[in-house]
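Biologist: I'd like to learn how words like "cavity" and "buried" get earned. Can we take a structure and go through it together?

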Amino acid sequence: MALEPPQRLVTALGETAQDGDDWLDKLPVAAEKAVALRELTVERVHVPGGRSSLVLLVRRADDTPAVLKLVPPRSRPESERAALAHWNGLGAARLLDPECADGALLMERLHRDVSVRSLPEAKALLEATGTLRRLWVEPPAGHRFETVAERTGRQAEAMRTSAAADAEVAPLVDAALAARDELLAASPEPKLLHGTFRQSKVLAGDRLPWLAVGPDPVVGEPAFDLARLVRDRVEDLIASPSGASITRRRVKKLAESLEVEQERLRGWTLFRAVESGVRALRVGRPQDAELLLEFAGWL
């Protein structure tokens, strides 16, 4: 089976595995094994695809369409599998091979070229928040998902290192870390969260109009999940002369619509924007970093 990983994936993995990673080299063989194990017929590689996985459009033995997703170990495919199995199609794409554990995921096929981001902004936010609300459920007993405190703790260490080397970002990093400390001191009841939710992660489906894909699941308070949605279309916000006021209104509206505390949403939005901006600087994406850090400054 001839397989050429999309350039977007190759570039992204190069950013996150600067010390070397042979997953891409082993990918053709891993894909062949996963396809054979599930008795699939490959139609094509989905292009441009995502930044953390390879997606193959396939057909099952009974000719029903599906997608096969291959994920590098550092992206925690078994965590994604566990979350999809727990949601069982409620708000998210349905997992079709719950018993397999080879780093590949077989899921129902959605319309991967149609996300809620294609809708007008107000409608997109409405559909996205409706999907997100369905995902916030009690985590399974004895779960092994990473917690918000654990994930942001790792991120905080990297942020401190970046701040020590770059005085310009230090004030924003200090503010983001202070917000994290305050938020973790008293946190609401934890839920299973998508972890990387945004408009482009909500795709059109046949079973339901909109379903989420690509979780990096984490257990914690819902405001953490909602925070990433606040900055969707950040390039449009930065280009607008009233971007700062639009952002503050969006925080208020999203907090009210999903019944989270506005100040907690603002704090997690600040932390996640600064973390993403500092990370973008670290991997050599200065334009993305500039947008994210300017956005964070409005909060």
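Modeller: Sure, and keep in mind that this model is predicted. Let's start with the largest cavity, whose lining is made of Pro6, Leu9, His46, Pro48, Gly49, Gly50, Ser53, Leu54 and Val55.

Biologist: Why is this called a cavity?

Modeller: Because a 1.4 Å probe fits there but cannot get out. The largest cavity holds about 30 Å³ of space, and the structure has one cavity of 30 Å³ or more.

Biologist: What makes the lining residues nonpolar, polar or charged?

Modeller: The residue type decides. Pro, Leu and Val count as nonpolar, while Gly goes with the polar ones. So the lining comes out as five nonpolar, four polar and no charged residues, since Asp, Glu, Lys and Arg are what count as charged.

Biologist: How do you know whether the radius of gyration agrees with that of a compact globule?

Modeller: Set the two values side by side. For 299 residues, a compact globule would come out near 19 Å, and the chain has 19 Å, so they agree. Along its principal axes, the C-alpha trace spans about 55 × 40 × 40 Å.

Biologist: And what makes a residue count as buried?

Modeller: Its relative accessible area has to be under 20%. In this chain, 51% of the 299 residues count as buried. The accessible surface of the chain is about 14100 Å², and carbon and sulfur atoms own 52% of that.

Biologist: How many helices and strands does the chain have?

Modeller: Eleven helices and nine strands.

Methods. Residues are numbered from 1 along each chain as its sequence is written. This is a predicted model: local features need pLDDT of at least 70, side-chain atom pairs count only at pLDDT 80 or more; totals for chains, interfaces and linings use all residues. Side-chain values use heavy atoms; hydrogens and water are left out. On a 1 Å grid over the protein atoms alone, a cavity is a set of points where a 1.4 Å probe fits but cannot get out, and a pocket is an open set with protein on both sides within 12 Å along at least five of seven lines; lining residues have an atom within 4 Å of a point. Grid points are joined across faces, edges and corners, and a volume is the space filled by probe spheres set on the points. Helices (H or I, at least four residues) and strands (E, at least two) are DSSP runs, numbered from the N terminus. The radius of gyration is taken over C-alpha atoms; the globule rule is 2.2 Å times the number of residues to the power 0.38. Buried means under 20% relative accessible area, exposed over 50%, partly exposed in between (1.4 Å probe, protein chains only). Accessible areas come from the Shrake-Rupley method with a 1.4 Å probe; for residues, only the protein chains shown count as cover.
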